[in-house]
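Visitor: Please take a close look at one part for me: the places where the backbone does something unusual, and what surrounds them. Keep it brisk.

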Amino acid sequence: MSAAPPAVRLSAAGASPSRAAKRPHVTIRGLSKRFDQAVIYDNFDLDIPRGELTSVFGPNGCGKSTLINIIAGLIPPDAGQILFDGMLLNEIKFGYVFQNYREALFPWLRAFDNIAYPLKMMKVAPAERRARTEKLVAHLGIKLDLNLYPYQMSGGQQQLVSIMRALIVEPEILFLDEPFSALDYEMTLFMREQLQRIFIETGTTTVLVSHDLEEAVFLADRVLLLSRHPARVADFTPVTAPRPRTDATLSELEFVRTKAHCLEVFQREVRRA
Amino acid sequence: MRSETFKPLLPMIGVAGLLAIWSLATWQQWVDPVLLPSPIATFKALWQGMNGGALGFDFVKTVYRTAASTVIAAVIALPLGIVLGSSERLYRSLEFVIDFFRSTPASAMFPLFLVLFGVGDETKISVAAFGAILVILFNVAYGVMNARKTRLLAAKVMGASRLRVLFDVMLLESLPQTFVGLRNGVSLALVIIVVAEMFIGSQDGLGHSVFEAQQLFDMPRMYAAIFAAGVLGYGLNLLFLLVERRFVHWSGK
C-alpha cells in the first residue's frame with residue numbers, strides 16, 4: 001500500500017498536461033480476483049480519470065464486467081483496495097446499469113417509481129422523490145410516458161429508465177455493463193446518442209463496459225484495453241474527438257486512426273494466447 | 001375480421017356439441033334412461049335444487065368448507081414458504097419431508113384426522129387444509145428461491161437492506177408462482193372436501209348430495225349435484241385467475 005501515492009502521481013503526470021492537475025477519481029491498487037482455477041486479476045493497478053467517460057474493452061472473458069462489478073461492490077475482490085477520492089464505496093453515491101434491463105427493472109412498479117426507487121432507499125420523503133424525479137426527466141429532456149410499466153415499453157425505453165434510475169441519486173460515478181448489447185442496431189445508435197447527451201449534461205465520471213469497439217471508442221474519452229486474464233492494462237487510449245460526436249465523427253481520420261490503433265492492440269492481445 | 005368477431009364464441013362449440021350428443025343419446029335411448037337422464041331433466045333438477053332446494057344449501061356448505069380450508073392453508077403456508085424460500089439451505093434441509101407429504105394422498109390421512117378431530121367439520125377442513133398447505137408452501141418457496149438474481153443485485157446496488165430486498169423484491173417476484181400454488185391448492189381442497197362429504201359422516205355438502213342421490217337412484221339430482229361441483233371448481237379457478245390478473249399484472253411478461 002505504501003507504493004500507492006507515487007503511482008497515482010506517475011499516472012496523472014503521464015496523461016496530457018491539461019489533465020495533470022486533475023486527481024484520478026478512482027484508484028485501484030493491488031486488485032486480485034480468481035474464479036476457481038482462473039486468475040482474472042493479479043495485483044492489478046488502475047486510475048480512473050475524473051469527469052471522463054472510460055470504455056472498457058478486451059478479449060472475451062478477460063474480466064471486463066468483473067472489473068466494474070468489483071468496483072461497484074457486486075463481487076468481493078480477493079485482495080486489493082479501491083478508493084473513490086480516498087473514500088470507500090459505502091461512503092459515495094454511485095449508479096449501476098445492468099445489461100439485462102428486463103430483469104433489472106421492477107415490473108410491478110411504473111417507470112416513474114422505478115426511477116424514484118433509489119431515493120426511497122435513501123429515505124427521501126415521497127413528495128421530494130416526485131419532485132426530484134420530475135426534475136431529472138425534465139433536465140434530460142427525455143420524452144417517455146413514465147406512467148407505463150416496464151413491460152409496456154420497448155427495450156431501449158426500458159434501458160433509458162434504467163439509466164435514469166442510476167442517475168436519480170446524482171451519482172459521483174456511473175457504471176454501465178454492456179448496456180446496449182441486448183438492443184437492435186437502430187436502437188443502439190439512438191441510445192449511444194442519448195448516453196452521450198446525458199454525459200455532456202451531467203459530466204459524471206462514467207465507466208462503460210462494451211463488447212463493440214466502435215461503440216467503445218465513439219463514446220469514450222479514454223478506452224481501457226485489457227489483455228487476456230490475468231488482465232493487465234494493454235493500453236489506455238485517449239479519444240480526442242470533440243463532443244457532441246455524430247455519425248460524421250465515425251468517418252473522421254482521427255477517429256478511424258484511434259479505432260484502428262485499439263483494434264491492433266486488441267488483436268495483439270487476442271493472439272498472445 | 002369476421003373470424004375475429006366469433007373467436008370468443010369458440011368455447012361454446014364444445015358445450016353445444018356435448019349437449020347435442022347427450023340429447024341424441026337419451027332421445028335414441030342408446031343408454032339406459034335410468035343411468036343417463038336427459039339434459040332437460042338434469043338441468044330442471046339443477047334449477048330446482050339450487051333455487052331454494054337442498055342442493056343450494058349443500059353448495060353453500062361446500063363453498064364454506066373449501067374456502068375455510070384454503071384460507072387456513074394460505075395463512076400458514078404463505079409466511080412459511082417465504083421463510084423457507086429465502087434460505088435455500090433451510091429449504092433443502094426440509095425438501096424431502098415436504099415432497100414426501102406432498103406426494104402422500106391427503107385422503108390417506110382421513111383416519112388420523114378422524115382420531116384427532118372427530119367426525120365434524122374440523123376433520124374435513126383440516127385434511128383439506130393439510131393437502132393445500134403443502135402445495136402452496138412448495139410453490140411459494142420456489143417462487144422466492146427463483147427470484148431473478150439480477151433484480152436482487154439491482155436492489156442491493158441501490159442500497160436496499162436484506163429485509164428490504166425480501167419485501168420489495170423477493171415477495172413480489174414470488175407472486176406469480178404463489179398464485180399457481182393457490183390455484184392448485186384450492187382445487188385440491190375442493191377434491192378433498194367433496195370426498196370427505198361423501199364418506200365421513202356428513203349430513204350436507206355437494207359430496208353428500210351426490211352420494212345420497214345415487215343411493216336413492218335419483219339420477220337427475222345426482223347429475224345436477226355433479227354439475228354444481230364442476231361449476232364450483234371452475235368458478236374458484238377463474239376467481240383466482242381474475243384476482244391474479246388484477247394484482248399480479250406483470251405475470252408472464
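**Loops and their surroundings in chain A**

Guide: Start with A:P244, which sits in the loop that runs between β9 and α9 (253-271) of chain A. This is a predicted model, so read each feature as part of a prediction. The peptide bond from A:R243 to A:P244 is cis, and its omega is near -5°. Most peptide bonds are trans.

There is another cis bond to look at. It joins A:H229 to A:P230, with omega near -5°. A:P230 lies in the loop between β8 (222-226) and β9 (233-238) of chain A.

Now turn to phi. Most residues other than glycine have a negative value. A:E178 is not a glycine, yet its phi is positive, about 40°. Find A:E178 in the loop between β6 (173-177) and α7 (185-202) of chain A. Is A:E178 buried or exposed? Count the other C-beta atoms within 10 Å: there are 20. The cut-off for buried is 20 or more. Therefore A:E178 counts as buried.

A:D36 also has a positive phi without being a glycine; the value is about 50°. Its surroundings give another result. A:D36 has 5 other C-beta atoms within 10 Å. A residue is exposed if the count is 12 or fewer, so A:D36 is exposed.

Where is A:D36 in the fold? Its place is the loop between β1 and β2 of chain A. That leads into a sheet. The sheet is open, has three strands and runs in the order β2-β1-β4 (chain A), with antiparallel pairing. Its edge strands are β2 (38-48) and β4 (79-84) of chain A, each pairing on one side only. On average, neighbouring strands of this sheet are turned by 20° against each other, direction ignored.

Look again at the strands on either side of A:D36. Strand β1 (residues 26-35) of chain A pairs with β2(A) over seven bridges, in the antiparallel sense. Strands of a sheet pair through backbone hydrogen bonds. One bridge links A:F35 to A:A38, its partner in β2(A).

A helix packs on this sheet. Helix α2 (residues 64-71) of chain A touches β1, β2 and β4 of chain A. The direction of α2 makes about 120° with that of β1(A).

To retrace the phi cases: A:D36 is exposed, whereas A:E178 is buried.

How values were computed. Residues are numbered from 1 along each chain as its sequence is written. Chains are lettered from A and ligands numbered from 1 in the order in which they are written. This is a predicted model: local features need pLDDT of at least 70, side-chain atom pairs count only at pLDDT 80 or more; totals for chains, interfaces and linings use all residues. Two strands pair if DSSP finds at least two bridges between them. Helices (H or I, at least four residues) and strands (E, at least two) are DSSP runs, numbered from the N terminus. Axes are lines fitted to C-alpha atoms, for helices over the stretch in contact, and angles run from 0 to 180 degrees between N-to-C directions. Two residues are in contact if their C-beta atoms, placed from the backbone, lie within 7 Å.
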